[in-house]
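Please look through the structure shown below, chain by chain, and keep it in view while you read the explanation that follows it.

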4 protein chains.
Amino acid sequence: MGKKIKVGIIGAGRIGKLHAENIKANFDNVELKSIADIYAERVRDWAYGIGVSNVYEDYKKIIEDPEIDAVLICSSTDTHCQLIIESARAGKQIFCEKPIDFDLNKINTALEEVKKAGVKLQIGFQRRFDPHFRKAKKYIDEGKVGQIHIIKITSRDPEPPPIEYVKVSGGIFLDMTIHDFDMARFLSGSEVEEVFAYGAVMVDPAIGEVGDVDTAVVNLKFKNGVLAVIDNSRKAVYGYDQRIEVFGSQGCIKVENVSSSNVIVSTSDGIISDKPKYFFIERYRDAYIEELREFFDSIISDREPSVSGKDGLEPVLIGLAAQKSLKEGRPVRIER
Amino acid sequence: MGKKIKVGIIGAGRIGKLHAENIKANFDNVELKSIADIYAERVRDWAYGIGVSNVYEDYKKIIEDPEIDAVLICSSTDTHCQLIIESARAGKQIFCEKPIDFDLNKINTALEEVKKAGVKLQIGFQRRFDPHFRKAKKYIDEGKVGQIHIIKITSRDPEPPPIEYVKVSGGIFLDMTIHDFDMARFLSGSEVEEVFAYGAVMVDPAIGEVGDVDTAVVNLKFKNGVLAVIDNSRKAVYGYDQRIEVFGSQGCIKVENVSSSNVIVSTSDGIISDKPKYFFIERYRDAYIEELREFFDSIISDREPSVSGKDGLEPVLIGLAAQKSLKEGRPVRIER
Amino acid sequence: MGKKIKVGIIGAGRIGKLHAENIKANFDNVELKSIADIYAERVRDWAYGIGVSNVYEDYKKIIEDPEIDAVLICSSTDTHCQLIIESARAGKQIFCEKPIDFDLNKINTALEEVKKAGVKLQIGFQRRFDPHFRKAKKYIDEGKVGQIHIIKITSRDPEPPPIEYVKVSGGIFLDMTIHDFDMARFLSGSEVEEVFAYGAVMVDPAIGEVGDVDTAVVNLKFKNGVLAVIDNSRKAVYGYDQRIEVFGSQGCIKVENVSSSNVIVSTSDGIISDKPKYFFIERYRDAYIEELREFFDSIISDREPSVSGKDGLEPVLIGLAAQKSLKEGRPVRIER
Amino acid sequence: MGKKIKVGIIGAGRIGKLHAENIKANFDNVELKSIADIYAERVRDWAYGIGVSNVYEDYKKIIEDPEIDAVLICSSTDTHCQLIIESARAGKQIFCEKPIDFDLNKINTALEEVKKAGVKLQIGFQRRFDPHFRKAKKYIDEGKVGQIHIIKITSRDPEPPPIEYVKVSGGIFLDMTIHDFDMARFLSGSEVEEVFAYGAVMVDPAIGEVGDVDTAVVNLKFKNGVLAVIDNSRKAVYGYDQRIEVFGSQGCIKVENVSSSNVIVSTSDGIISDKPKYFFIERYRDAYIEELREFFDSIISDREPSVSGKDGLEPVLIGLAAQKSLKEGRPVRIER
């Protein structure tokens, strides 16, 4: 099996921990050597529990470790670019959570450094690796819907994040819709030309008070003519609503929600099916593993990962245009 | 369009009234001339309302009317054979509700008379005309499931009939399952060789007290090797449950329940669909019209109706065998 | 049952004939007395077939007939306003197909005359009477989704109309989307404030050549804050796609397509369900009957029909705004 | 976390390998120390690959190893009882694949030895641990269907096993239906009183030539009155068909098939969903892990595993009765 890939994780919040556990359970050819977190003490017990004894407060311990082949950047968004740059300069292969940043200049600088260093960079758009969406994409590529005309994406969370998080989230378009922008690009096989967004505060006035919206409908016009529409809500009482629909000249492909079970109960009240899986951790359980598989495989095969730095940049461009559209009440063209 | 077919209905209970209204609303080439009912006074207003002024207590007024071309026998089961015989002798075309009778000798005598008179006889197995089951049958005939191996029929009523009705119903197998026996024959394209029945009183002890069961599982072995299983209940709290499944060498065809609407409500309680249509009147609304169309068409084209006297006899044979099987606790072969 | 309502139909194209046949089969208290069509000779046989012997070339024969209580206006759109005015002045109750007209001034004048004459006017938005959408509306009114946040309507035809029709149709927004505008108003319980439309020619270049689009995504912002999005295509190869989704604070209501049957075939190729009912005649069979019932009931009970002149005007306002939005590439506010 | 449970696996065929891999990937507190297989050379490379270096031809190396806490018996059925007895005498905790044996005396002797030794014995009925069936059972226990009246189980394989396997399989009832017998007991909460079986050779005449059937319908009558019906086929061209339905006084619970994806493709051919997951390895992926979790948890908590030796014995009793019923053409009572 050859040498193991040695990995360090920077940032052990919910998503960092998830990646760590997924590596331990699924990748025999990968060794999770070290974990860095600014609250190192809080994560030490958990890290020991999964067999990782190198837990640092200072992420440089990872970047400067010559044994480390690859770095997973799971810290807060404002640290991503700096960490990408330092990791690239140290010759590490890089997996970075979305979004890269909210600032296009910083992103471009980081991507430049990655290019210069000749390292790999994969962005954490895990939905592309969901088996349902992958199969839909495969069917599209096989021509089952012919030429695409309309893409519809519904993406609604089961409940809004804490207001403290909303404040630093970059706004709904860069925090939540960004996944849908990526999915629309993935499905359409084209780039967005123009964006028009409607937004409203309907779930919680506190979200409006910090300058964000919690309900949105975003229209995308792609270069190849495809029209896409995304609808978001921060709160769907029935659970995480994640559906896509791709309509074209030869048919329509839908991916319906994944239920928490296939049990159906018929009573005098009606025919009752289970709700969708609760949230992204449950819904994208397999996708989170598969995106790591892609990353490690790209290292082993020395090829570009299928979700590139450009794939990290484009949704930020779209998100910023959506913000502008909402603010100015008009469609906004993407300037590249 | 030629001459109208003149029709008389004998027995204006629920099903007789339904046929009457269906004739008025759907068949321009049919004239409903007369209605007979032993409680003529009770039905007169309703009859006037649909434009029928000849309402008799004595059914002979219909059978002896030389203008009447066809008779619909919708009276109680014990009168069917006598009315078939009299109608046949009077040269009337005959539509008779199921079951013909509970007594094989009486049925055979009636069928003999029909044959002798050279008139048509259609038995009221309306489910064969349901568009969903018809399409399933069409698919079977086209070979979509290949050679049939297993047939499954679920047939559950939303609530039991009154005990007074149960007493004279002939028992669950001749009253309720008889439709499923017909459906199994229709789908299998073969005749039943052997029957095994389990039955129980689970819905209402009063049904047991009058010697019947309210829950049953019946197995049929067909001459062509097909195995069929029917499950019945007199009470499904979620409504009329009418499903079939035909499994074979090349696939499986299912007909699912027809919902009272396609509305789906997602709430914090689950994903809730509407219940099946309430009972046979709602579920088989179209089928009741289509079986009449078949009857009138067979008269106009002077051909045999697709549900024949034999199709009326066979399910009674099966039902009697099921009764015997339940009583004696063993499989019973059909003697013909 | 009292006196029958005497009805005349002006315009016996597909929809006029449908209404005529529905009246004959379903309304015992309504008499279809006369039919007018500019090609009277072409419809005479059909009219006789359903028992109507008064067939005129000149619609004035209907409007001037003092026996006629109600007029159904099913002629081409450009004649609607004139016929409404003449019918109103003659004191007739009026049912008029959608759209009233493409010209707001003409519509307002017609509505004025209706008001002056004190007659009833119902506009032919039959979808409001579809049992599935009605139930959805009932659930909304009962509060099952709480406060509405997002409405989504998918409306795709199985194939485009002839180019000759497209030319005089008023464009996709006034011909096709107008039903969806009505549905969005019906579901939201509010009025549209602003419209933004994307459109494209993807189905047939000939549609573009006559100045129309065949694919569209239209966003509506309602006064009560509801965001609605409608997507249209002139050609869905799998049949008539008619779905709605109403998302709110307490849940989500969907109406799924109505299949041509409930048969499901499982083979080595997959699990195959039947396609949606082919087109509006099949899909809205019951709705077309129910909208007439509403019209006749409003006459009998002397009350306003539930789809008023204003309900005819508003979708035209929205459609004109959508046209302007598409042309000018910006959201357009509705001016009233 | 305390001491690890040390495990040995006897028999490294498909199911033995599956358990081995599941232990490695999912149980940090379990050490898979040794594997025995009569074809040790064939499995050595695979074993090394998952990090197991102790690979023996002789299973006694496992049973006599004082370090081993628990044994997983995954060898051929005819060896089960002997291995249970030896393992029990050596004080090992035992997990044994189904069926224990085809011979009731041998089973009883083995269970006696287990009892005498005071060790745990869990039988490999993994379906009880499937999350869908578990949830159904939970709903039943919560009373959602009230008193159970009818249980229906459909269990069809995607293709028959090799004839060499069929010969030694013990017949369809002990090889395949045995899982359904267990499921029926699990769901009903009662014991089977009487069995009636129909069987036929419809898939492959070669199966008939070795004395077995490939298509079956089996009826069970439970002590608590529940009627159950199981239908089996060795070949469903659309994949592994695993459905249950539990009907009772308050409603009905169904578990539908688990699709290989939630993608739905609408084309001019119909509305096409993906087929069920291919076979038991895919369908019960999680269940195989969860049954091991139950086994290891029962060891850690020193309690009886929820699938006991009795749960291993009862389905064999039912299977033997089904064989007798099929042979003698009559219902057979279970003698205990």
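**How the chains meet**

Chain D is superposed on chain B, with an RMSD of 0.0 Å, by a rotation of 180° that has 0.0 Å of shift along its axis. The two copies are thus related as by a two-fold rotation axis. Before going further, the reader should keep in mind that this is a predicted model, and that the values given here are computed from it. Among the residues of chain D, the one that comes closest to the rotation axis is Arg330(D), whose C-alpha lies at 2.9 Å. The same surface serves both copies, since 100% of the contact residues of chain D recur in chain B.

With that axis in mind, the contact itself can be described. From chain D, 41 residues are in contact with 41 residues of chain B, and between them the two chains bury about 3,100 Å², with 64% of that area on carbon and sulfur atoms. Charged groups also take part in this interface, where 6 salt bridges are found between chain D and chain B. Side chains of opposite charge can pair when their charged atoms come close. A pair to look for in the structure is Glu245(D) with Arg243(B), which form a salt bridge in which the closest N and O atoms are 2.7 Å apart. In addition, 11 residue pairs are in polar contact across the interface of chain D and chain B, counting pairs with both residues at pLDDT 80 or more.

Which strands of chain D each supply at least two residues of the side that touches chain B? They are strand E7 (148-156), strand E8 (192-200), strand E9 (215-222), strand E10 (227-233), strand E11 (241-248) and strand E12 (251-255) of chain D. The largest share of this side, 6 residues, comes from E7(D). When the residues on the side of chain D that touches chain B are sorted by class, there are 18 nonpolar, 12 polar and 11 charged residues.

**A second contact, between chains B and A**

Chain B also meets chain A, and here again the copies can be superposed. A turn of 180° with a shift of 0.0 Å along the axis lays chain B on chain A with an RMSD of 0.0 Å. In chain B, the C-alpha nearest this axis belongs to Ile272(B), which is 2.2 Å from it. In this pair, too, the same surface serves both copies, as 100% of the contact residues of chain B recur in chain A.

The contact between these chains takes 13 residues from chain B and 13 residues from chain A, and the area buried between them is about 960 Å², of which carbon and sulfur atoms give 64%. Across the interface of chain B and chain A there are 0 salt bridges, while 4 residue pairs are in polar contact, both residues being at pLDDT 80 or more. On the side of chain B that touches chain A, the elements giving two or more residues are strand E13 (263-267) and strand E14 (270-273) of chain B, and E14(B) gives the largest share, 4 residues. By class, this side of chain B has 5 nonpolar, 5 polar and 3 charged residues.

How do the strands of the two chains run where they are joined, parallel or antiparallel? Strand E14 (residues 270-273) of chain A is joined to E14(B) by 3 bridges, and the two strands run antiparallel. Within this pairing, Ile272(A) stands opposite Ile272(B) in E14(B).

**Charges and local details**

Over all chains, the count comes to 153 salt bridges. One of them joins the side chains of Asp231(C) and Lys152(A), with 3.0 Å from N to O. This pair crosses between chains, from Asp231(C) in strand E10 (residues 227-233) of chain C to Lys152(A) in strand E7 (residues 148-156) of chain A.

Some details of the backbone are also worth finding. In chain A, the peptide bond from Lys98(A) to Pro99(A) is cis, with omega near -15°, and Pro99(A) is placed in the loop between strand E5 (93-96) and helix H5 (104-117) of chain A. In chain D, the peptide bond from Lys98(D) to Pro99(D) is cis, with omega near -15°, and Pro99(D) lies in the loop between strand E5 (93-96) and helix H5 (104-117) of chain D. Finally, Asp302(B) has a positive phi of about 50° although it is not a glycine, and the place of Asp302(B) is in the loop between helix H12 (285-300) and helix H13 (309-328) of chain B.

Methods: Residues are numbered from 1 along each chain as its sequence is written. Chains are lettered from A and ligands numbered from 1 in the order in which they are written. This is a predicted model: local features need pLDDT of at least 70, side-chain atom pairs count only at pLDDT 80 or more; totals for chains, interfaces and linings use all residues. Side-chain values use heavy atoms; hydrogens and water are left out. Copies are superposed by least squares on the C-alpha atoms of residues with pLDDT of at least 70 in both. Contact means heavy atoms within 4.5 Å. Buried area is the accessible area (1.4 Å probe) that two parts lose on being put together, summed over both. A salt bridge is a side-chain nitrogen of Lys or Arg within 4 Å of a carboxyl oxygen of Asp or Glu. A polar contact is a pair of N or O atoms within 3.5 Å; within protein, one must be able to donate a hydrogen and the other to accept it, and residues adjacent in sequence count only if both atoms are side-chain atoms. Ala, Val, Leu, Ile, Met, Phe, Trp, Tyr, Cys and Pro count as nonpolar, Asp, Glu, Lys and Arg as charged, and the others, Gly among them, as polar. Two strands pair if DSSP finds at least two bridges between them.
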